[in-house]
Amino acid sequence: MEDNFFIDPEAIVPAGTDPEGDDALLDVARELHAYLQGFNARLVHNDGAVAIEVAGEVETDGRAYPYRLVPELCVLARVQKWRKLAAERHLALVQERLNETTLAEFQREVRHFIATVLQRAQAEGLDAPRFLRALETGKELASRRYRIVEDRLAEAAARRRQETQAEVARGTVKLTRYPESFETAFMMRRRFIAILGPTNSGKTHQAMEALAKAETGVYLAPLRLLALENYERLAERGVAVSLVTGEERRITPGATHVASTIEMLDTSRAVEVAVIDEIQMLEDLERGSAWTAAVCGAAAKTVYLLGALSARPAVEALAERLGCELEVKTLERKSPLEMDRRPVGNIGQLRRGDALIAFSRRDVLNWATNIAEAGFRVATIYGNLSPEVRRAQAQRFRDGDADIVVATDAIGMGLNLPVARVVFTTAKKFDGISEDILPPWLTQQIAGRAGRFGIHDAGLVAGFDDHTHRIIHRLMRTPAEALSNRGFYVTPSLHHLKSIAAATGEQKLARLLELFSRNIDLTDDFFLPGDLTEQTERAQWLDTLPLSLEHRFTLSLVPVSTRVESLSQAWQGWARALAKEKSSHLTIEPVGDGRYALQAAEDVCKKYSAYAWLGYRLPDYYPDAEAAVALARSMSETVDEMLARQHGRRGEAKRRTSPYGRGRTAPKRPREGRTRAERERR
């Protein structure tokens, strides 16, 4: 320790005195200085106060740990007050606060603190001396320095535990062995048949023929609507088939076949034929993991993979990795698809059989209103509508009860409509972050809905205005980018998370998801973690409730938008009740007739479906699943009737001139970003 401690003369001698002219004062100052040196101490300023800093060291296991600290007792007085005190009072106050007894007590305190830190650091596998160096800073209260040491030690321990958890997690879940987690499929000799081609090329027909003839089988759809359509297709052919989706069950006794959404695949049930539709969804960040799981886990002797031609590299790579024989069949469109000679220009130039494409719920409804007021009967299709409503609206168009269908890109997957011409209102789409030009594959998929084989000789595609028409024309001629042959998305199963929890001791769902996402063994990047952002956000809230890991995991996956206040409140209410081990019974939601009645009815329908989803998984706590399905169907009929009343009748045409015809202007595009949950509402 330093021998020549600095002592501020102004801190010792009262203001307004002359030390050189007052021998008595100097004698007191020298006595104070000598007294402090005897205790290896000095006077310092500490947060506007005069205090005594004590220096020393603690020796433990042959190592010395120095310190320079201000004991709590040794804060003497505020600076201004100190200067007003007589020199003799300075000395008396220092002697009162710092003496053999108080110093011994303080040294015991420091020794105990250092011993505690050494013990904690050793337990955490950390180097204690680097933390204890914070005790040498000087001029600060001992208690403050203790907190700094403890905080730094805690942070380092947390980082060390995270690193240890990450290391353990990497050894627990190895994505290179992901296919082996599907034991039934992994032990089978499977054969893949990929049927690839554009929309309206007959892919589904070929695969469904093979599925109908098989003794057992499963059809896996990207949408509940598609699962329902192919369930009915099989049932009409006399196949004993059940429908299994997240929100609905139609179980046929003795069923040999199942039509389901892809997330509902039962990987433990071996069948003769499996059909996986829209295989290009492998590349989708949000849902692609379900297709990866289906390709790896569909326990069928023959697996049909249906999708776009661009999926071929991905299909070939997966077949090779899984050791499955692969046959690729490529099909061409059955009827030609052509660009119209000119853009539509205005609403008055629309014609019966057109499908008008917008990219948000708001735009769809605005366009539908304008078109109805121009004298057309309109059907509307967008993502926030339940499958039953989409189907009913599509049927209106098929039956001729609607002249024009206005839809989002939801029309591009799973709806077979007698569309003569697809008209794009814009060539841009929000992805939740920015508004960008449509990708060629999406443009072509939507456009492919025009010209249904057997109904039209050819399909036409157009933009509503000149600018959009030119961009769509270019996108139609641009080859779709091929899917990557690696980087297939995987999300964790409950089994994966339990394995990580058992190995690391971590029990918070959010942290387990983070460990899976960031620290699992990737090796060759053939399989990659999918997007767990939204699930992790939900998990952070669920981790505050006294719920089992299984229940938190289930609740984190409920298909409901927590960005919608009414739906978020319902979801949280269900979770809180489960945390108290109470059953949640379904409540019937009234829907008024105000300005937002349609939106409210759509959200209520979503709520019923989400309850049914929970009810099928945790029937003891959500016992009204069947009632929820019935109520969702009833509310879907209400939504369908609302849309029919709003757009289904010919409105009185307005005569004011406008570039968009008959006094109507094009709806403005929204420019705010959207969250994933909000995009689902389209």
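This passage describes the internal cavities, one open sheet and a helix contact in a predicted model.

The cavities make a convenient starting point. In the predicted structure, two cavities reach 30 Å³ or more. The largest has a volume of about 50 Å³, and its lining consists of R224, E247, E248, E388, S609, A612, V629, A632 and R633. Helix 22, spanning 597–617, and helix 23, spanning 625–647, each contribute at least two residues to this lining. Helix 23 is the greatest contributor, with three residues. By class, five of the lining residues are charged, three are nonpolar and one is polar.

The second largest cavity has a volume of about 40 Å³. Its lining is made up of T199, N200, L415, N416, L417, G448, R449 and R452. Here the residues divide into four polar, two nonpolar and two charged.

Attention now turns to the sheet. Six strands form an open sheet in the order 13-20-17-14-16-15, and their pairing is parallel. Strand 13 (337–339) and strand 15 (378–381) are the edge strands, each pairing on one side only. From one strand to the next, the twist averages 20°. At the strand 15 edge, the partner is strand 16 (residues 404–407); the two run parallel and are joined by four bridges. Within this pair, V378 lies opposite I404 of strand 16. Helix 13, covering residues 361–373, packs on the sheet and touches strand 14 (354–357), strand 15 and strand 16. The direction of helix 13 makes about 160° with that of strand 16, an angle that counts as roughly antiparallel because it is over 145 degrees.

Helix 13 also links this part of the description back to the largest cavity. Besides packing on the sheet, helix 13 approaches helix 23, with axes that come within 9 Å and cross at roughly 45°. The two helices are therefore oblique to each other. On the helix 13 side, the contact involves L365, A368, T369 and A372, which meet L643, Q646 and H647 of helix 23. Four of the residues in this contact are nonpolar and three are polar, with no charged residue among them. Helix 23 thus appears in two settings: it meets helix 13 through L643, Q646 and H647, and it supplies three residues to the lining of the largest cavity.

How values were computed. Residues are numbered from 1 along each chain as its sequence is written. This is a predicted model: local features need pLDDT of at least 70, side-chain atom pairs count only at pLDDT 80 or more; totals for chains, interfaces and linings use all residues. Side-chain values use heavy atoms; hydrogens and water are left out. On a 1 Å grid over the protein atoms alone, a cavity is a set of points where a 1.4 Å probe fits but cannot get out, and a pocket is an open set with protein on both sides within 12 Å along at least five of seven lines; lining residues have an atom within 4 Å of a point. Grid points are joined across faces, edges and corners, and a volume is the space filled by probe spheres set on the points. Ala, Val, Leu, Ile, Met, Phe, Trp, Tyr, Cys and Pro count as nonpolar, Asp, Glu, Lys and Arg as charged, and the others, Gly among them, as polar. Two strands pair if DSSP finds at least two bridges between them. Axes are lines fitted to C-alpha atoms, for helices over the stretch in contact, and angles run from 0 to 180 degrees between N-to-C directions. Contact means heavy atoms within 4.5 Å. Angles under 35 degrees count as roughly parallel, over 145 as roughly antiparallel, 65 to 115 as roughly perpendicular and the rest as oblique.
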